[in-house]
Amino acid sequence: MNKLVLAAAAAALAMFATGANAQAIRIATEGAYAPWNFLDEAGKPAGLDVDVGTEACKRAALECTFQVNEWDSIIPNLIAGNYDLIIAGMSVTDERKTSIDFTSEYFPPDPARYMVRTGTTIDFDNLSGKNIGVQGGTIHAAYATEQFGATNTVKSFDNADQALADLNAGNVDVILADGNYITEVVAGSGGALEKVGPELVLGGGVAMGLRKADDDLEGKLNTAIDAMKKDGTLDALIIKWFPDKVGPIYAGG
């Protein structure tokens, strides 16, 4: 009996020591891009990004906390050391890879889509004189400015909710954003909004962003993400937040 008690005490001490020595990681998310990330009724970050980050941290034995940061400064504040990781529905792009590194993707490439008020006619082959809403600092903002800026007004917003409010108010004619985000908004609009135009592949998959020097952290997270893909956990989380997704997405791949 004494041996059993001593063994149990030793196990408890080992667990306590592991928790005490766990690497503390601060994660930034935007908190304004549902269902990727948003603030719940208690004001806490929630969404796919938070669920994926929480599970990856658990598997990598990391002690992670989430904080909210506005999108346009989310990369500069990572580089400045204000947190250690970005999990915010961020697509991998060559431009972003010049300043930060990315983990393995946790969501496949998400083609961009256009959204308008139902009944609005847009000629994407001859787009002119329109107000196009985008979130600043995104791949969509860069594309809209490059492709349509000469003959249209590209309006940049701090977050997606502001762009959506101006679309509903008639201050912008069309919004360009992530396809899965557009799908969710249209589905919840009661028929007031619709998807139009072509799909646009503007970036790679969605991944976690981290500083270039943090190779050890990147390796731990990649191991966790790869395991989540193989055992179906990542698929389940994606389908939880994006029910229209059909599987398998990653499991068994």
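A nonpolar core is a set of buried Ala, Val, Leu, Ile, Met, Phe, Trp, Tyr and Cys residues joined through side-chain atoms within 4.5 Å. I keep that in mind for the entries below.

**Entry 1: the chain as a whole**

I am looking at a predicted model. The chain has 253 residues, and 46% of them count as buried. I find 9 helices and 13 strands in its secondary structure. The C-alpha trace spans about 80 × 35 × 35 Å along its principal axes. I also looked up the contacts between residues at least 6 apart in sequence. Of these, 71% join residues at least 24 apart.

**Entry 2: the cores**

Which residues touch the most other members of the largest nonpolar core? I get Leu48, Tyr106, Met115 and Met208, out of 42 residues in that core. Helix H8, residues 215–230, gives the most to this core, with 5 residues. A second core stands separate and has 15 residues, including Ala112, Ile132, Val174 and Leu176. As a general note, nonpolar side chains tend to be buried together in soluble globular proteins.

I then listed what Met208 touches, leaving out residues up to four places away in sequence. Among its contacts are Val52, Gly53 and Ala56. Leu85, Ile86 and Ile87 are on the list too. So are Asp101, Phe102, Thr103 and Tyr106. Leu221 and Ile225 complete the list.

**Entry 3: helix H8**

Leu221 and Ile225 led me to H8, where both are buried. The other buried residues of this helix are Leu217, Glu218, Asn222, Ala224, Met228 and Lys229. I checked the length next. H8 has 16 residues, which at 1.5 Å a residue should span 22 Å. The end C-alpha atoms are 22 Å apart, so the two values agree. After H8 comes Gly232, with a positive phi near 90°.

Lys229 gets a note of its own. This residue lies over the face of Tyr250, at 4.7 Å from the ring centre.

**Entry 4: aromatic rings**

How many aromatic pairs does a search of the whole structure find? The search gives 7. I looked at Trp36 and Phe107, which form an edge-to-face pair. Their centres are 4.6 Å apart, with 65° between the planes. An angle over 60 degrees counts as edge-to-face, so the label fits. The pair links distant parts of the chain, 71 residues apart. Trp36 is in the loop between strand S2 (32–33) and strand S3 (37–39). Phe107 is in strand S7, residues 101–107. Both Trp36 and Phe107 are buried. With Phe242 they form one aromatic cluster.

**Entry 5: the disulfide**

I find 1 disulfide in the structure. It joins Cys57 to Cys64, with 2.0 Å from S to S. Why is this disulfide left-handed? The torsion about the S-S bond is about -85°, so it takes that label.

Are the two cysteines buried or exposed? Cys57 has a relative accessible area of 3%, so I note it as buried. Cys64 is at 21%, so it counts as partly exposed. The cut-off for buried is under 20%.

**Entry 6: Asp123**

Where is Asp123? I find it in the loop between strand S8 (112–117) and strand S9 (131–135). Its relative accessibility is 40%, so it counts as partly exposed. I also looked up Asp161. Asp123 and Asp161 are 38 residues apart in sequence. In space they are 25 Å apart, C-alpha to C-alpha.

Key
Residues are numbered from 1 along each chain as its sequence is written. This is a predicted model: local features need pLDDT of at least 70, side-chain atom pairs count only at pLDDT 80 or more; totals for chains, interfaces and linings use all residues. Side-chain values use heavy atoms; hydrogens and water are left out. Buried means under 20% relative accessible area, exposed over 50%, partly exposed in between (1.4 Å probe, protein chains only). Helices (H or I, at least four residues) and strands (E, at least two) are DSSP runs, numbered from the N terminus. Contact means heavy atoms within 4.5 Å. Rings of Phe, Tyr and Trp (its six-membered ring) pair if their centres lie within 6.5 Å; planes under 30 degrees apart count as stacked, over 60 as edge-to-face and the rest as tilted. A charge sits over a ring if NZ of Lys or CZ of Arg is within 6 Å of the ring centre and within 35 degrees of the ring normal. A disulfide is a pair of cysteine sulfur atoms within 2.5 Å. The expected span of a helix is 1.5 Å times one less than its number of residues.
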